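Me: I've got a model open and I'd like to learn how to read it feature by feature. Can you walk me through it?

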Amino acid sequence: MNDDSQLDGPSTDPATVFAALADIVYRGSSADEIYTAICNAATLLVPHCDHASLMLMRHGKPVTVAASDDVARVVDDIERATGEGPCLDAITSEAAQLEADFRTPTQWPAMARGVLNRTPVRGAMGFRLKVDGTKVGALNLFTDKPGVFDADAAGKAIILTAFTAVTVAAVSNGQEASTLRGGLESNREIGKAIGLIMALHDVTGDEAFALLRKSSQDLNVKIADLAATVVDRHGKGLTT
């Protein structure tokens with residue numbers, strides 16, 4: 001059984017997916033397995049995300065180190081061949097890049113033509129990965145439905161991007177799985193807390209994160225610490 005098998009299925013509960021990701025990392029899986037699991041998680045966590053890939057800079061060039069499927073790899077190939085696209089721009093820019101519909105006029109026309117001709121993809125988002133102040137790559141998300149990638153989808157993707165950046169930093173530094181706990185534990189607890197708040201208060205993922213962040217600021221407590229408290233209180237049968 002592959003390490004990312006526990007991410008298969010229709011579940012989109014953030015707590016479940018983040019816990020599964022953390023467990024994959026903790027078991028000492030290889031970098032390839034970890035990166036593939038992150039791509040698979042994107043298709044579960046982010047609304048309308050049908051394919052995902054992870055690009056990292058290697059010797060000054062963007063290399064696809066993992067993907068959820070061949071479609072995502074083809075889109076990455078098209079971006080590199082045309083020298084343009086939201087994923088490439090995400091690596092060099094300060095902001096996330098979004099193309100909701102490749103069928104309409106786009107700032108990446110050559111890439112759009114290739115995507116429309118060779119894949120079912122109709123929209124894309126790219127989120128830069130930054131490690132120690134350096135832009136090291138991008139998490140790339142693709143949808144087969146035009147016009148569905150929006151602020152809600154981007155909000156959920158940003159949380160996964162933060163998790164990915166921590167993981168990439170640890171892997172690139174050659175850290176053992178056990179040393180990832182400190183960096184990933186907060187992300188896992190935040191993911192769990194968001195899932196619990198969504199269930200308890202019937203709110204979206206963005207609204208849950210906003211509630212968690214506001215409470216953190218009001219109480220002058222780190223988000224990670226507050227998230228751990230939320231999870232702990234729920235585990236004891238209490239509500240927030």
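Me: Let's start with the whole chain. Among contacts between residues at least 6 apart in sequence, what share join residues at least 24 apart?

Reply: In the protein chain that share is 60%. Keep in mind that this is a predicted model. Of the 240 residues, buried ones make up 49%.

Me: Which secondary structure elements should I look for, and how many are there?

Reply: Look for nine helices and five strands in the protein chain. In sequence order the pattern reads α-α-β-β-α-α-β-α-β-β-α-α-α-α.

Me: Okay, the sheet. What is the order of the strands?

Reply: The order is E2-E1-E5-E4-E3, in an open sheet with antiparallel pairing. E2 (61-67) and E3 (97-99) are the edge strands; each has a single partner strand, so one side of each lacks a neighbour in the sheet. From one strand to the next, the twist averages 20 degrees.

Me: Is E2, as an edge strand, largely enclosed or left open by the rest of the structure?

Reply: Largely enclosed, because five of the seven residues of E2 are buried. E1 is mostly covered too, with six of its eight residues buried.

Me: How do I read the pairing between E1 and its neighbours?

Reply: Go one neighbour at a time. E1 and E2 run antiparallel and are joined by six bridges. Ser-53 sits opposite Ala-67 in E2, and Leu-56 has Val-63 in E2 as its bridge partner. The two strands make a hairpin with two residues between them, and His-59 in that turn has a positive phi of about 55 degrees.

Me: And on the E5 side, how many bridges are there between E1 and E5?

Reply: Six bridges again join E1 (residues 51-58) to E5 (residues 134-143), and this pair runs antiparallel. Two places to check are Leu-54, which stands opposite Leu-139 in E5, and Met-55, which stands opposite Ala-138 in E5.

Me: Which helices pack on these strands?

Reply: Start with H3, which lies across E1, E2 and E5 and runs at about 175 degrees to E2. Then there's H6 (residues 151-172), which packs on the sheet and touches E1, E4 (123-131) and E5. The direction of H6 makes about 35 degrees with that of E4.

Me: Now a single helix. How do I tell which side faces inward?

Reply: Here's the general idea: an α-helix has 3.6 residues a turn, so residues three or four places apart point the same way. Now take H5 (residues 109-118), where the buried residues are Met-111, Ala-112, Gly-114 and Val-115. They span an arc of only 165 degrees around the axis, which places them on the same side of H5. The face turned away from that buried side carries the exposed residues Arg-113 and Asn-117.

Me: What covers the buried residues of H5?

Reply: The cover includes H3 (70-82) and H4 (86-92).

Me: How would I describe the packing of one helix against another?

Reply: Generally, two packed helices are described by the angle between their axes and the distance between the axes. For H3 and H5, the axes come within 9 Å and cross at roughly 150 degrees. That crossing is right-handed. On the H3 side the contact involves Val-74, Val-75, Ile-78, Glu-79 and Thr-82, and these meet Ala-110, Met-111, Gly-114, Val-115 and Arg-118 in H5. Sorted by class, the contact has six nonpolar, two polar and two charged residues.

Me: What about residues in loops? Is Asp-101 buried or exposed?

Reply: Asp-101 counts as buried because its relative accessible area is 11%, and buried means under 20%. You'll find Asp-101 in the loop between E3 and H5. Setting aside neighbours within four places in sequence, Asp-101 is in contact with Arg-122, Pro-146 and Gly-147.

Me: One more to try. Where is Pro-120 found, and which residues does Pro-120 touch beyond those up to four places away in sequence?

Reply: Pro-120 is in the loop between H5 and E4. With a relative accessible area of 37%, Pro-120 is partly exposed. Not counting residues up to four places away in sequence, Pro-120 touches His-51, Val-71 and Asp-144. Pro-120 and Val-71 are 49 residues apart along the chain, and their C-alpha atoms are separated by 8.0 Å.

Notes
Residues are numbered from 1 along each chain as its sequence is written. This is a predicted model: local features need pLDDT of at least 70, side-chain atom pairs count only at pLDDT 80 or more; totals for chains, interfaces and linings use all residues. Side-chain values use heavy atoms; hydrogens and water are left out. Buried means under 20% relative accessible area, exposed over 50%, partly exposed in between (1.4 Å probe, protein chains only). Helices (H or I, at least four residues) and strands (E, at least two) are DSSP runs, numbered from the N terminus. The arc is that of the directions from the helix axis to the C-beta atoms. Contact means heavy atoms within 4.5 Å. Axes are lines fitted to C-alpha atoms, for helices over the stretch in contact, and angles run from 0 to 180 degrees between N-to-C directions. A crossing is left-handed if the near helix is turned anticlockwise from the far one by less than a right angle, and right-handed if clockwise. Ala, Val, Leu, Ile, Met, Phe, Trp, Tyr, Cys and Pro count as nonpolar, Asp, Glu, Lys and Arg as charged, and the others, Gly among them, as polar. Two strands pair if DSSP finds at least two bridges between them.
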